[in-house]
Amino acid sequence: MSLETKKVNFKVFRFNAERDFLPYYEQYTLDVTHEEVVLDVLNRIKWEFSGSLSYRRSCRHGICGSCSIKVNNKAVLACKERLFDLVELFGDELVIKPLSEARVVKDLIIDKKDFWAKYDAVKPYLIDDIDEAPEVENLVSPHEVEQILDSEICIQCGNCFYSCPAIENNEEFFGPAAFAKAYRFAADVRDNAKIERLEIVNAPEQGVWDCMKCFECAQACPKDVNPIEKITKLHNMYFQEGIAKSNVATRHAYAFKRSVEKNGLLDEADMVLYAERLDVIKQMPNALSMLKVGKLPMPWNQPKSEKLDEIKKLIKSSSTVKF
Amino acid sequence: MSIPIYTYDAVIVGAGLAGNAAARELQKAGKKVAVITKLHPLRSHSGAAQGGINAAFSAKDSEELHMYDTIKGSDYLADQDAVAFMCNEAPKTIRWAERMGAVFSRTADGKIAQRPFGGQSEPRACYAKDRTGLTLLQTSYEQAHREGVLFFDEWYAADIIYKNGKISGVVAFNIRNMDKAIFNANAVMFATGGYARTYKINSNAHANTGDGLSIVARHGLPLEDMEFVQFHPSGLSGSGILISEAARGEGGKLLNSLGERFMSKYAPNAMELASRDVVARAIIEEIRQGRGVGPRKDAVYIDLTHLGAEKIMERLPELRDLAITFLGLDMIKEPILISATAHYSMGGIPVDIDGHVRKDNESFVEGFYAAGECACVSVHGANRLGANSVLEALLFGRHVGQSMAKDLDRGIALRPASLEDAQNMLDEMRFVLENNGTERVPELRTLLQESMTENAGVFRSEETLKKELVILDELEARYKNIRIEDKSKIFNTEMQEAIELGHMLDYARFIVDGALRRQESRGAHFREDFPARDDEKFLNHTMAYRDANGKIVSYPREVVLGRFEVKARAY
Amino acid sequence: MKKLKYALFTGCTAKESTPEQFMSTMAIADKLGIELVVLNEASCCGASHLQDYDDFLSLVLNARNICYAESRGLDMVTICNTCQLNEAMTKHRLDSDPALKERVNVKLREVGLEYKGTSKIQHFMYAIIEDIGLDVLKSKVTKPLTQFNIAPFYGCHNIRPTELHHDVNGGESPYNPTSLDELIEACGGVSVDYAEKNKCCGFHIDLQSPKTSNIMAGKALAGAIDGNSDWMVTPCPLCHLKLDIQQPNASKAMGRELKLPVLHVQQMIGLALGCTPQELGLKHHVAKVNFV
């Protein structure tokens, strides 16, 4: 057993808001070992070549969430990303950048105030009258703890948030980390503010219905929190709790059941009509252009699944919610 | 230049478990409180604690037994009144953390689950998988945040305002932009964490540079028991990153290059679950005798493969992940490489049970408090037991917060601050930014860390310690000749690292000096030239301060004994 | 060589708004000597929206879909990324949680079915790459697409999340996917590298957030156009619906004209194998396919 090494070219993003108008890159060629992670290289560059290179870091083993950056556009925790893995993925040319260029303050450090504001917005704490001198703990079964689905291990690193395309294009959106946090408490049997919290993350433009289901968050998370799974669970909670507000997104979700129950397959036109209601007028140009090229089956040609009875029977026996 | 002066009832430095818990109590008591931290609170190193937090509440366990284990583990240097207080309050404290939202693992009947840990008679470590510290840190911050505590995150506390036996605030700068501020306060609490970062192989975060200790020492105030640094038996080879004691608690076996389960030689009864200092020395001894393994032969194996994938995934998922990341080894399939790593600071700022900082053996500093790893109460004595550190931080953090609120109610005068109070900080910043020498900070720091590991590490002797004192003199002289490249005001982390090195150099001397004077072996402090414990001469705490000439002067403080008789310690 | 035979899960769009996708799938299967048994019993995969509404119901229905591949002793192929996601997600969850599998099977037994977990589930594109092989495909190309710069658009649900797909997509990394590029090259075209090729098209929020959705699609189209692409190719009919039909909306959102033919991956392969435009349904495109 010995230390393997590889030669890697690093291009490191540099910018100082105090001085620079535009960012620039510095290049370093270094031999790296199979034990080294990205943070080791940042430290070597700072300590051996350029003392002014700035980045956040603390725990160096993936638990404090400080050192999030992007390597070749992949959001990583610098202290948990093995260089050999990156070389295998991207080759020996690695570009090290801040999580978000738009929010950079200096080198790899960004201003995360939007991230923290959204963390705050979901009331990220257990809401309960706290017994300050309890003789016994709350009894919570292992099964009930499991329902939190490890969402409590989110370390607020921001990898998901700054990888989320909804955030990139809609600054109101709460983002995956805040949703995972909202879920962490909504799923905790000890919390007394489930409904209140669900209402916060139900807001149009900001809330869970604007998730575009790209799975970037699940991919970017260094702790396997799987935020989109929590977003789906939050969606489910609205229907389970019977508090889903009728809006285009909830009607759209329900319309799937409606359609499958009727045809097995989707009745696309009916579904859009049901979800959009009067707003369906917005969809007319699309519909017309589709009609022109034969993309909309006529109602009398609506395809149906074979053995539709079986599907209907299963929907009857297996449905767990009503809307 | 003008520096704003903010006024608070209480200012806390550090936002780990101790700082957050204290801040919440003060806020709830209606005090105006601010917390200064050089990280975001959720990035604090308390979050890295893996294995558990002790409380005696299982049927077969008792507070008494917890005390006994803690005192025995401490090699009888812990103050027994403080230990009794901690062990009695532990069950309530942990249940309180649970009530605030901590996500503990549970037993089948819904209670907080507990696991065995080294040096403990009963399974006593309450745990949240292998990320106990994370859920506790989050919970303490969340509830402090919920109460509306004001946090100054990414602010660097550079100095205290201390005159005539009284403290009146903290001087700090904003790491983001170098804005400076004076936090004038009736009461100040330090919760600044430990100092193991002064060693090359250590388990600590980059942030754990122990600044708080030397800030105190620079004012001529004493530090206590600084020679006691705990080396954890299981750091990952190379990086020193911690593999929790849970790995041994769950049944991990230590093996040398001959495949021998060598703990049978060192602790035939407790085996791998002997006290940390015993296991750490056994590992280093095996390596020194040429029975090390791994690419550098600087490690031994810990074998967990017999636990099976399911148990490892359920109880130790985080640890498995760490070994894969930093060694490329999967503990489900193969043994992993570990060695002793500098982990925990038993010594620190001397305080009484209520957190009052001692000025000397007779008196206290008015308005000054400390809790958590930076403090020496002392509940760990010469060696801390696993799962007692998060307990200390949370329990004493909260208790000291309450004690501050009480003292504030009784009345602590506010001595108004003035701009001159910022002078030390300004001088320090100017020196680091403007000094135009030839020495580089990273190089000096590496020399410090390597030499401390070499000369003041798991094994020490008069020879190595004297050598280290010479090295420290040299490094101190070279530090005066440093130069940094970064002159900017925004996130000048190079300046920060230089200031931190200054602190490390200052308190390293206390570690070495204390180790040199203590001509015995006790707990984590092992002198090869004095391998036995010497209760006659050294059953006392080391109090040390820096005199006006920068020389360290020390004097003993009596250990508070009590119901547990001082005995030989064997596992 | 044994004849390849799969159970084809068409999904809804191939039978409705993207008929060209079904046509081209059958056409290239024929050219490649693959037998496809269409699962006409199958119901909609839920497209992740039924999953939002009633997670358990969606598992039961999708498990039923898979049962029909299993009962024929065939592996399943999908021709839609989102179908692939939901069928693979169902398989993953049921295979890794025996208790959940049993809960689902209790329901399925009511209609005489049982989910076993014996069928592999793979997007047709990856089945071609794995089971036919790029070299063999290349050897069958009669009309190489040499004159075209082609922008690959991967679509989210074939590449993310990794753990769902890595066994069936050649271990493709979502950060650096290569399969579609390699398919383009095998068909004789030049694959265009652009930043949005592995990003989201915005389809799934088209109803609730058309603005964001159109920007997403607009960025993808703009990236491809600025990369000097002649056309775009995607394995996902939902991406196709967004990127083809909604070019006027995407143009408006981006404040520039975005016009680009978008083909299904089956159509691209079909062109290279010499299928006719009629066989490939090229007339069913809103952004006109004007180069053949």
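Here is a short chat about a predicted model and how its chains A, B and C meet.

Colleague: What should I know about numbering and cut-offs in this predicted model?
Modeller: Residues count from 1 along each chain as its sequence is written, chains are lettered from A and ligands numbered from 1 in the order written, and side-chain values use heavy atoms, with hydrogens and water left out. Local features need pLDDT of at least 70, totals for chains, interfaces and linings use all residues, and side-chain atom pairs count only at pLDDT 80 or more.

Colleague: How many residues of chain B are in contact with chain A?
Modeller: Contact means heavy atoms within 4.5 Å. On the chain A side, 74 residues take part, and on the chain B side the number is 73.

Colleague: Which three residues supply the most of the area that chain B buries against chain A?
Modeller: Buried area is the accessible area (1.4 Å probe) that two parts lose on being put together, summed over both. Chain B and chain A bury about 6,200 Å² between them, 50% of it on carbon and sulfur atoms. Of what chain B buries, 14% comes from the top trio: Arg43(B), Arg99(B) and His206(B).

Colleague: How many salt bridges are there across the interface of chain B and chain A?
Modeller: A salt bridge here is a side-chain nitrogen of Lys or Arg within 4 Å of a carboxyl oxygen of Asp or Glu. One of them pairs Glu142(B) with Lys181(A), with the closest N and O atoms 3.8 Å apart. Across that interface the count is 14.

Colleague: And which residue of chain A meets Asp52(C) in a salt bridge?
Modeller: Between chain C and chain A the count is five salt bridges. In the one with Asp52(C), N to O is 2.7 Å, and the partner is Lys213(A).

Colleague: How much area do chain C and chain A bury between them?
Modeller: Here 70 residues of chain C touch 64 of chain A. Tyr53(C), Tyr175(C) and Leu207(C) lose the most area on the chain C side, together 17% of what that side buries. Carbon and sulfur atoms carry 59% of the total, which is about 5,800 Å².

Colleague: Inside chain A, which strand pairs with β1(A) in the parallel sense?
Modeller: Strands are DSSP runs of E, at least two residues, numbered from the N terminus, and two strands pair if DSSP finds at least two bridges between them. β1 (residues 5-14) runs antiparallel to β2 (residues 24-33), with ten bridges. The parallel pairing has four bridges, and the partner is β5(A), residues 93-97.
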